[in-house]
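Please walk me through this structure, with attention to its pockets, its cysteines and the pairing of its strands.

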Amino acid sequence: MKFAENNRISHRQLYRQIILTFLAPFLLCLFGKGRVLGVSGIAGTAAALAILSFYVIFLIRLAPYYTDLKKAAGGILSRIIGVFFIAYVLLTGAYLLALLETIVPASLVTGVPGRWISFFAILVCSMGTHRGMQRRGRMAEVSGALLLGGILLMMILCVGQGKVSYLQEMAAGSQLTGENFLQNTYGILCAFSGIGLLPFALEHVEKQGSAGKPTALGILTLGGILLGMQLLLPAVFGWKRLLAEPYPVLPLLAGANLPGNVLARFDVLWMGFLLYSLMFAIGSLLHYGHQVIRKAHLGNGRYWMAAVIYLLSVWEFGGMGIEDYYGAFLWYVFVPGLLVIQLFLMFRGKARWKKKAAAAVSAMLCMCLFLGGCAGVEPEKRMYPLALGADAYENGFALTYGTPDLPKSTGQGKSEEDGGAQVLTIEGADFQEIESVYNRSQEKYLDMGHLQILVLSNEIIEDGRWQKLLAYLEDEPFVGENVYVFRAEDAREVLRWQGGQGTSVGEYVQGLLENRNGGEQKRGVTLRQLYHQKYETESLPQLPEIRIINKEIQVFLV
């Protein structure tokens, strides 16, 4: 196995990294001065979690465009996008560092200036952040469950301190209005906006096409903790006190003792958990900053990023520190800009990108963009190829679409009694011409979102024209990257195979890989692996081969 493949993290490590990165900042920052609390806060959090569950799907499909921003957006625009994300990294890191500078002298260490504490903290956090993702994955693997378990234990220990009358006070003192609901929903979305950096990391995650599950689980876990705190804090402190406390979690820690006061300062342990998570979050920002700089071709940020974060955390501009303007940056600049950039990357390079961009603006206004691919074409008016075959000829290419039930509108083949799996082959000088021929000759909309396998002919692999095919598929945002890829002597012949009792070749071959024991599924090669190796070495990994022997399909894994 190559080093590039070794530097990957598992889904469990990704999940625990999400928990470690967001947990402390959320607990310390979200609830101060009554923010996102009360009935409207609970309703807004629930709505934001529902939106984020769909947004994760959108992010997974965006990942190929983040692999090389220069190639996806062009030289100048890629640098602008890179600077935009670096601004978020720097300001967020400075905000968290300033938070650490505030709470440590107040809760743990006295007599030491906060600026010295933040200086040594950023020094420690910056060590090794330019290294691979696997190191952070191992840290999360070891400590993620411990941190999550500790915080949940702290919350359980505090439940007995709550009073029902305090919750009734909260219900009476907070009102659920449309304005408050929208503000709290958008506030939670702003808090989770750091998840927008996820596509920069997905190339380092195993089975990236299914990485949406651990990501969504991480978001829902954090959301569940937020909802629990939104009930726990008012139950323990009362509504009016919460409106005055800047960091209500800190006094909550002091009361979370084990029964019998086993330790007099058990809150030090809880604070240790939060500080570890806070420093992990700062280190993660520095790591992702390196990823952004590398993929936007902005040079090297190994040394200067940590210095800039520290300076931003201690400097005041016009009497205002980072704590005063960071919220406005997220609210008015980063989140709207992030959506614009992601829409731009998604529709960049398409022949019909202007039309799609206009449609996307309308979708964004009604929040439909989080559905990640809904179009105004009814399901019965679409063709859903489950398999795609690509052959190369001297004067062009041929794409063969395999679908469970495709009417042969060209008039070739059997008549209406023909059922089961069908195929359609279209030839052209390039893939854009093939797409144009399809649009001129077929009555159904081509929906590639259900593709299961891709078969490349030996010729298209050997003459190097597979790169043109991958470039075409990268511009198709709804082609899932968990598609299995194979090679064959003749891709068209494989897709025309009719031995699966009416099932599509896509379903049949996918079943050969997945409906087996012994780990055969792990040896399949996915489209994302092709993208990864293309950008790393401009080559293809070894692909499993499909052969038809005695009228039966056989798959030979590498």
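**The second largest pocket and its surroundings**

In this predicted model, the second largest pocket has a volume of about 1,200 Å³. Its lining is made up of 45 residues, of which Leu30, Cys190, Ala191, Tyr326 and Leu330 are the closest to the centre of the pocket. Several helices contribute to this wall, since H2 (11–29), H5 (75–107), H9 (178–191), H13 (267–295) and H15 (322–347) each supply at least two lining residues. The largest share belongs to H2, which provides nine residues of the lining. Sorted by chemical character, the lining of the second largest pocket consists of 30 nonpolar, 11 polar and four charged residues.

Cys190, already met among the residues closest to the pocket centre, has a relative accessible area of 5% and is therefore buried, as the limit for that class is under 20%. Cys29 also counts as buried, because its relative accessibility of 11% falls under 20%. As for covalent links between cysteines, a disulfide joins the sulfur atoms of two cysteines, and a search of the whole structure finds zero disulfides.

Turning to the strands, S6 (residues 453–457) and S7 (residues 484–488) pair in the parallel sense, and five bridges are found between them. Within this pairing, Ser457 stands opposite Ala488, a residue of S7. How much of strand S7 is covered? Four of the five residues of S7 are buried, so that the strand is mostly covered under the limit of 20% relative accessible area.

Technical notes: Residues are numbered from 1 along each chain as its sequence is written. This is a predicted model: local features need pLDDT of at least 70, side-chain atom pairs count only at pLDDT 80 or more; totals for chains, interfaces and linings use all residues. Side-chain values use heavy atoms; hydrogens and water are left out. A disulfide is a pair of cysteine sulfur atoms within 2.5 Å. Buried means under 20% relative accessible area, exposed over 50%, partly exposed in between (1.4 Å probe, protein chains only). Two strands pair if DSSP finds at least two bridges between them. On a 1 Å grid over the protein atoms alone, a cavity is a set of points where a 1.4 Å probe fits but cannot get out, and a pocket is an open set with protein on both sides within 12 Å along at least five of seven lines; lining residues have an atom within 4 Å of a point. Grid points are joined across faces, edges and corners, and a volume is the space filled by probe spheres set on the points. Ala, Val, Leu, Ile, Met, Phe, Trp, Tyr, Cys and Pro count as nonpolar, Asp, Glu, Lys and Arg as charged, and the others, Gly among them, as polar.
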